[in-house]
Amino acid sequence: MRDWMGRDIHYLRISLTERCNLKCIYCREETAFCKAKEELTLDDLTELMQAFTVLGIRRVRLTGGEPLIRKDLEQIVHMISSFPQIHDLSMTTNAQGLANRVARLHQLGLKRINISLDSLDPERYRSMTRGGDFNQVMCGIDAALAEGMPVKINAVLVRGENEEEADDFIQLAREYPVDVRFIELMPFSALGTQDKQRVLNSEILARHPELCAVPPRDPSQPSEDYQAEGFAGRVGFISPISHKFCSHCSRVRLTSEGKLRMCLGNDRETDLRPWLHAGTEQLTQVLRDAIYHKPEAHAFESNICAQRAMNQIGG
Ligand code: SAM
């Protein structure tokens, strides 16, 4: 469907849980306590998908928290991919424990995977994620590639932590058939609100004149893509702070406890729980009204920290 600005909204990000087995330094505080909030069940999600597909949702990305934590992830993937209207189902994950589940997920309809990886140094990776196992990420990437799935690597550079690894990540896209995307640090934690720790994507590009802009894989994608001769993959820049991409945004988000959030950078939400089990028609109407009023643009540049941490929204 189209919102009040005429944007075609066809992409839904579903956060399956706010729980995560890692505590990335820019995503949530070390001491943050994840309440075992009521997560939407498989039945709730099925009902919501029925309504979303009526409204023209055609692409779904699963995220969190960490989606692999959901024990019924396989059933959820099967349910969503069974909707004939959904032609693209993907997932964003930290890849801890991905390697031995990816083949089954692929078989059930998961088409693409984005893997978060902020350091190619195992020790630094462990410290930035507060406990992550680098080998599991690499095994997860290998297993997804062996399945023939398109893989994107998401990296957030933080000054004083991993910013000197930008060149190594670019090298990764030269050698491996993966798209490496640099995401500018957003204000979702105390760390994210500190300008001095944010590495602007323009800084990286300025150091790599060999990279040439290439057409996007999808016109509504948030990243600007680059490549150089001999590269197996692409280098993408997602620049929500230095360069807004809201005018062609096609996304809305569903939080794990049933709030529809029209924009990552705007705290306005619609609680869908009261409308569950009231019938698809009523639920569809509530969704239609909420989506129509999607905010014009996010306001990350004002550096006001969002009320929810990233793991509570779904990145
Ligand atoms: N657990 C999964 C993962 O690690 O990919 C999915 C959820 S995570 C919140 C989704 C994405 O959000 C990750 O790629 C992560 O790097 C990104 N992210 C989290 N906090 C961020 C922040 N403050 N600024 C920019 N990106 C952030």
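In this predicted model, R130 is partly exposed, with a relative accessible area of 28%. The residue sits in the loop between helix 4 and helix 5, and it follows helix 4 in the chain. Its backbone deserves a second look: phi of R130 is near 55°, a positive value in a residue other than glycine. H277 offers another example of this kind, with a positive phi of about 65° although it is not a glycine. H277 is placed in the loop between strand 12 (residues 269–271) and helix 8 (residues 280–292). With a relative accessible area of 59%, H277 counts as exposed, because the cut-off for that class is over 50%.

Stepping back from R130 along the chain leads into helix 4, which spans residues 122–129. Here Y125, M128 and T129 are buried. Viewed down the helix axis, the buried residues of helix 4 fall within an arc of 90°, so they line one face of the helix. A simple rule helps to picture such a pattern: an α-helix has 3.6 residues a turn, so residues three or four places apart point the same way. The cover over the buried residues of helix 4 includes helix 5, which runs from residue 134 to residue 146.

A second region to explore is the surroundings of R234. This arginine lies in the loop between strand 8 (residues 224–227) and strand 9 (residues 235–238). Is R234 buried or exposed? At 13% relative accessibility, R234 counts as buried, because the cut-off for a buried residue is under 20%. Leaving aside neighbours within four places in sequence, R234 is in contact with several residues, including A173, V178, V214, P216 and Y226. Two polar partners of the R234 side chain can be named. The side chain reaches the backbone oxygen of P215 at 3.0 Å, and it makes a polar contact of 2.9 Å with the side chain of D225. By contrast, E38 belongs to another part of the chain: it is 196 residues away from R234 in sequence, and the C-alpha atoms of the two are separated by 39 Å.

D225 also leads on to Q221, since a polar contact of 3.0 Å joins the side chains of Q221 and D225. Q221 is found in the loop between strand 7 (residues 212–213) and strand 8. Like R234, Q221 is buried, here with a relative accessible area of 12%. The Q221 side chain also reaches the backbone nitrogen of R217, at 3.1 Å. Not counting residues up to four places away in sequence, Q221 touches P216 and H248. P216 is also one of the residues in contact with R234.

Finally, attention turns to the ligand. How many residues surround the ligand? There are 19, and the closest are Y26, G65, E66, S116 and M186. By type, this shell divides into eight nonpolar, nine polar and two charged residues. Some of the polar approaches can be followed atom by atom. An N or O atom in the side chain of Y26 is 2.9 Å from an oxygen atom of the ligand, while a polar side-chain atom of E66 lies 2.9 Å from a ligand nitrogen atom. For N154, an N or O atom of the side chain is 3.4 Å from an oxygen atom of the ligand. On its own, the ligand has 550 Å² of accessible area, and the protein covers 96% of it.

Terms used: Residues are numbered from 1 along each chain as its sequence is written. This is a predicted model: local features need pLDDT of at least 70, side-chain atom pairs count only at pLDDT 80 or more; totals for chains, interfaces and linings use all residues. Side-chain values use heavy atoms; hydrogens and water are left out. Helices (H or I, at least four residues) and strands (E, at least two) are DSSP runs, numbered from the N terminus. Buried means under 20% relative accessible area, exposed over 50%, partly exposed in between (1.4 Å probe, protein chains only). Contact means heavy atoms within 4.5 Å. A polar contact is a pair of N or O atoms within 3.5 Å; within protein, one must be able to donate a hydrogen and the other to accept it, and residues adjacent in sequence count only if both atoms are side-chain atoms. A residue is near a molecule or strand if one of its heavy atoms lies within 4 Å of it. Accessible areas come from the Shrake-Rupley method with a 1.4 Å probe; for residues, only the protein chains shown count as cover. Ala, Val, Leu, Ile, Met, Phe, Trp, Tyr, Cys and Pro count as nonpolar, Asp, Glu, Lys and Arg as charged, and the others, Gly among them, as polar. The arc is that of the directions from the helix axis to the C-beta atoms.
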